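Biologist: I'd like to learn how to read a model like this one, feature by feature. Could we start with charged side chains and work from there?

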Amino acid sequence: MNSNIRSKQTIVIGAIVLLVAFLFTRDIKGLVKPTEENGKMPSSGQMAGAASPSASVLNLETSSTAAKNVINKNLATDITALENSYKGANGTEKIQFAKQLAQKWDDVEQITPSALYLEVVAEGEPSTKSWLAAGNQFIKAFESTQDSLAQPALLQKANMSYKKALEKDSTNIEAKTGLGVTIVNGLGAPMQGIAMLLEVVAKEPKNVKANMNLGLFSIKSGQFDKAIPRFNTVIATAPTPEAYFYLGTALENLGRNKEAVDAYLSSKKLAANPTLSSFIDKKVAELKNKN
C-alpha cells in the first residue's frame, strides 16, 4: 500500500516538474530553451525575442520601446516613423495608423504592442469583430510570455475585450470561449470558466480552443484521464505540437508510456524545433527504459 502511495506521489511530482516548465507557455517555440547545463529545463525565463513589459507600465509607449530593443534596427526605425504619424493623426486616420501598427508588430512577433494597437482600433471602431481581435491578441501575448508581472495585465485586458465583444453579441461562441479561458487562467473562480467552456463544447464539440483549455485545466488539476479525450479532439480537428505534447504528458502520468512516446514523437515532428527535439529525445529514452 505504501509503495502504491509513493508511486502516485512520484507521478504527481513528475507532472508538476513538467508543468512548471511548460504549462503556462503555450507556444511550442517557448516550451524548451537552451541552457548551459546540457539540456536541463529552465524553471523560468522569457520566450526568445519577446518583449517584457511589466503590469504597471503596460501601455503603448513602454511596450513599443521594449519591443524595439529586440527587433532589427531598420524595422524599428520604420515603426517609429509610423508611430509618429499615428501620434499626429486624428479620427479615422488615427485608427488606420493603429491598424497598420498592429499588423507591423504582429509581423515581427511582438504581440503585446500589436494587441494594444488593436485595443485602440476596437475603442475607435467598436464591434464584436474588433474586440475579438484585441482579445485574441491579448491572450496570445499572455500565452507567449513568462513575465509574471505582465501576465495578469494582459489577461485582464483580454477579459475586458471579450466582455466588450459579448456586449455586442451575447451569443458569440468565440468571445464566450475566450472569456472562459481568461477565467480559467485566474480571473475568477476556475469552475465558472470551465462551465463556460463546457457550454461551448456542448454547442461545438470540436471547438479547438475550448477543448485545448479544458485539457490543460485537467492536466493542471491532475485529472489526466479527462485530459486525453480533449487533446485527442484537438488533434483530430487541428493537430498541433502543443496538443501532442500535452497528450504525451497526460499519458505518461497515467503510466501509458508507449502511447506517450508516440505522442511526444508526433510533437517533435510537427514542431521541428532543435531544442524541443533534444528534450523529447531524452524523455523518449527515459520512457523506453521503463518498459
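Modeller: Sure, and keep in mind that this is a predicted model. Let's begin with a group of charged residues: Glu252, Lys283, Glu286 and Lys290 are linked in a network of salt bridges.

Biologist: What is the general idea behind such pairs, and how far apart are the closest N and O atoms of Lys283 and Glu286?

Modeller: Side chains of opposite charge can pair when their charged atoms come close. For Lys283 and Glu286, the closest N and O atoms are 3.9 Å apart. Both residues sit in helix 14, 3 residues apart, or about one turn of the helix.

Biologist: Why does a spacing like that suit a pair within one helix, in terms of which way residues point?

Modeller: An α-helix has 3.6 residues a turn, so residues three or four places apart point the same way. As for exposure, Lys283 is buried at a relative accessible area of 10%, while Glu286 is partly exposed at 37%.

Biologist: Which salt bridge partner does Lys157 have, and what does the pair tie together?

Modeller: Lys157 pairs with Glu119, with 3.1 Å between the closest N and O atoms. Lys157 belongs to helix 7 and Glu119 to helix 5, so the pair ties together parts that are 38 residues apart in sequence. Glu119 is buried, at 9% relative accessibility. Another one to look at is Lys176 with Glu199, where the closest N and O atoms are 3.4 Å apart. That pair links distant parts of the chain, helix 8 and helix 9, across 23 residues. Lys176 counts as buried at 16%, and Glu199 is partly exposed at 40%. The salt bridge count comes to 10.

Biologist: On to the nonpolar side. Which residues touch the most other members of the largest nonpolar core?

Modeller: Tyr86, Tyr117, Phe138 and Leu154 do, in a core of 51 residues. Among the elements that give two or more residues to this core are helix 3 (73-88), helix 6 (128-143) and helix 10 (208-220). Take Leu154: leaving out residues up to four places away in sequence, Leu154 touches Leu58, Thr112, Phe138, Ala141, Phe142 and Thr145. Apart from this core lies another, of 26 residues, including Tyr244 and Leu287.

Biologist: How do I read a single helix, say helix 6: is it largely enclosed or not?

Modeller: Count the buried residues. In helix 6 that is 12 of 16, so this helix is largely enclosed by the rest of the structure. Trp131, Phe138 and Phe142 are among the buried ones. The buried residues of helix 6 pack against helix 4, helix 5, helix 7 and helix 8. You can check its length too: at 1.5 Å a residue the expected span is 22 Å, and the end C-alpha atoms are 22 Å apart, which agrees.

Biologist: Which backbone angles should I look at in the loops?

Modeller: Look for positive phi outside glycine. Glu109 has a phi of about 60 degrees and is found in the loop between helix 4 and helix 5. Ala272, with phi near 50 degrees, is in the loop between helix 13 and helix 14. Glu109 is exposed at 53% relative accessible area, and Ala272 is exposed at 62%.

Biologist: Last one: where does pLDDT stay under 50?

Modeller: Over residues 1-55, for which the model has 97 contacts beyond four places in sequence. Where pLDDT is low, the predicted coordinates should not be read in detail. For the protein chain, the mean pLDDT is 83, with 80% of residues reaching 70 or more.

Terms used:
Residues are numbered from 1 along each chain as its sequence is written. Side-chain values use heavy atoms; hydrogens and water are left out. A nonpolar core is a set of buried Ala, Val, Leu, Ile, Met, Phe, Trp, Tyr and Cys residues joined through side-chain atoms within 4.5 Å. Buried means under 20% relative accessible area, exposed over 50%, partly exposed in between (1.4 Å probe, protein chains only). Helices (H or I, at least four residues) and strands (E, at least two) are DSSP runs, numbered from the N terminus. Contact means heavy atoms within 4.5 Å. The expected span of a helix is 1.5 Å times one less than its number of residues. pLDDT is the predictor's confidence in each residue, from 0 to 100. A salt bridge is a side-chain nitrogen of Lys or Arg within 4 Å of a carboxyl oxygen of Asp or Glu.
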